[in-house]
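Work through the exercises below with the model open. Each task is followed by a stepwise solution.

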Amino acid sequence: MTLNASQPSAVGTAGGTRAPSGFVAVEVLSLVIPVFNEDESLAALHAEIVEVARGLPERVEMIFIDDGSKDRSWTVVQDLAAKDERVRGVRFRRNFGKAAALAAGFDAARGQIVVTMDADLQDDPHEIPRFLEALRGGLDVVSGWKKVRHDPWHKVFPSRVFNKFLSVLTGVHLHDHNCGMKAYRAEALREVYLYGELHRFVPVLATARGFKVGELVIRHRARKFGSSKYGWKRFIKGALDVATVRLLTGFGRRPNHLLGTWGLGFGAAGVFGFFLLLANGLLRLIDSSYGAGPVAQMMAATFAMGCALFGGQCLLAGLVSEMTVARKWLDNDPYSVMERTPAASEPAQG
């Protein structure tokens with residue numbers, strides 16, 4: 001297991017007091033399972049979860065989110081819910097994507113611990129107790145690592161490159177950011193906002209809020225039913241999402257630090273270019289055979305003007321972004337509180 005943060009964490013107990021770091025007081029364990037055309041595997045997955053749940057002290061709830069399936073997935077979910085009161089279903093009107101499905105599942109979850117897993121049976125429910133044990137060791141987010149993958153090479157190799165690049169860029173060193181099987185303390189999810197394709201970056205977003213993130217080697221099973229829902233477009237979108245996450249985690253609340261730096265840099269280049277043009281003009285006044293000719297001066301003037309204009313635009317964009325962020329986050333805390341000391345007793349009245 002690899003740790004990626006150093007801050008300890010704790011969760012609240014039913015009485016409102018704080019438990020020691022690493023202690024997880026769990027009454028309900030929520031399993032959030034996005035579903036997209038998985039009717040063949042749902043019954044088998046439910047049976048495995050039921051088997052695992054028998055050995056857990058926590059009360060388990062299973063939340064299946066049907067992300068606009070075109071097959072019988074929703075019918076199967078309804079049947080499971082009718083037979084097992086621990087099963088709950090959420091059905092989307094159309095396919096909104098995995099991030100939206102997870103967000104809906106997180107909103108519906110009632111557990112102190114939330115475990116996510118795919119519905120295609122490649123994630124093994126028997127790994128759930130190991131995730132809980134990792135959380136008891138003091139982690140806030142545990143990401144699965146499919147060290148041995150049963151996928152085609154053209155999926156495995158680009159995924160490994162992507163994971164390495166993301167780890168270096170964000171500083172959150174995980175081997176498998178894309179793994180769908182993860183475990184979270186509920187308070188970590190309350191501080192992470194998902195949209196677009198950001199579901200695979202929850203550990204990065206949680207780390208940015210100060211939560212402790214680690215990973216766990218898990219068993220990855222070969223696909224029995226259906227086919228992969230991801231194609232080559234996933235890697236293009238993933239590269240763009242990496243830039244988005246880097247911007248959100250590094251400059252989400254201070255965009256002018258990024259745009260302003262670019263603005264000052266290009267502005268300085270523009271000023272330097274105009275200074276060189278002025279020096280060249282003075283030199284040619286002394287002797288017309290010295291210095292750059294008209295063509296070179298025109299190119300230099302165009303370059304200097306372009307740098308100055310672009311720098312000014314970056315500065316203005318940075319200021320406007322700061323105003324937007326200030327208004328949006330006016331009522332939101334720019335920090336994450338782990339625990340507080342108990343409040344003093346109120347003085348007796350009368």
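**Exercise 1.** Is arginine 221 buried or exposed?

*Solution.* Arginine 221 has a relative accessible area of 15%. Buried means under 20% relative accessible area, exposed means over 50%, and partly exposed lies in between, with a 1.4 Å probe and protein chains only. Arginine 221 is therefore buried.

A note on conventions. This is a predicted model: local features need pLDDT of at least 70, side-chain atom pairs count only at pLDDT 80 or more, and totals for chains, interfaces and linings use all residues. Residues are numbered from 1 along each chain as its sequence is written, and side-chain values use heavy atoms, with hydrogens and water left out.

**Exercise 2.** Find the salt-bridge partner of arginine 221 and place both residues.

*Solution.*
1. Apply the criterion: a side-chain nitrogen of Lys or Arg within 4 Å of a carboxyl oxygen of Asp or Glu.
2. The partner is glutamate 48, with the closest N and O atoms 3.1 Å apart.
3. Glutamate 48 lies in helix α1, and arginine 221 in the loop between β8 and α8, so the pair ties together parts that are 173 residues apart in sequence. Helices (H or I, at least four residues) and strands (E, at least two) are DSSP runs, numbered from the N terminus.
4. Glutamate 48 also counts as buried, at 16% relative accessibility.
5. List the contacts of arginine 221 (heavy atoms within 4.5 Å). Leaving aside neighbours within four places in sequence, they include Asp123, Pro125 and His150.

**Exercise 3.** Compute the distance and burial for the salt bridge between arginine 88 and glutamate 61.

*Solution.*
1. The closest N and O atoms of arginine 88 and glutamate 61 are 2.8 Å apart.
2. Arginine 88 lies in strand β4 (residues 87-91) and glutamate 61 in strand β3, so the pair ties together parts that are 27 residues apart in sequence.
3. Arginine 88 is partly exposed at 24% relative accessibility, while glutamate 61 is buried at 2%.
4. A search of the whole structure gives twelve salt bridges.

**Exercise 4.** Which residues of helix α4 are buried, and what do they pack against?

*Solution.*
1. In α4 (residues 128-136), the buried residues are Ile128, Phe131, Leu132, Ala134 and Leu135.
2. These residues cover an arc of only 155° around the axis, which puts them on the same side of α4. The arc is that of the directions from the helix axis to the C-beta atoms.
3. They pack against β2 (28-35), α1 (42-53), β5 (113-116), β6 (141-145), β7 (182-185) and β8 (213-217).
4. Also in α4, the side chains of glutamate 133 and arginine 136 meet in a salt bridge of 3.6 Å, N to O.
5. Being three residues apart, glutamate 133 and arginine 136 are separated by about one helical turn.

**Exercise 5.** Describe the largest nonpolar core.

*Solution.*
1. A nonpolar core is a set of buried Ala, Val, Leu, Ile, Met, Phe, Trp, Tyr and Cys residues joined through side-chain atoms within 4.5 Å.
2. The largest has 36 residues, and Leu29, Phe64 and Ile128 have the most contacts inside it.
3. α1 gives the largest share of this core, six residues.
4. Apart from it lies another core, of 29 residues, among them Tyr184 and Leu205.

**Exercise 6.** Which strands pair with β6, and in what sense?

*Solution.*
1. Strands pair if DSSP finds at least two bridges between them.
2. β6 and β7 are antiparallel, over three bridges; serine 143 has lysine 182 in β7 as its bridge partner.
3. β6 and β8 run parallel, joined by five bridges.
4. Five of the five residues of β6 are buried.

Methods. Contact means heavy atoms within 4.5 Å.
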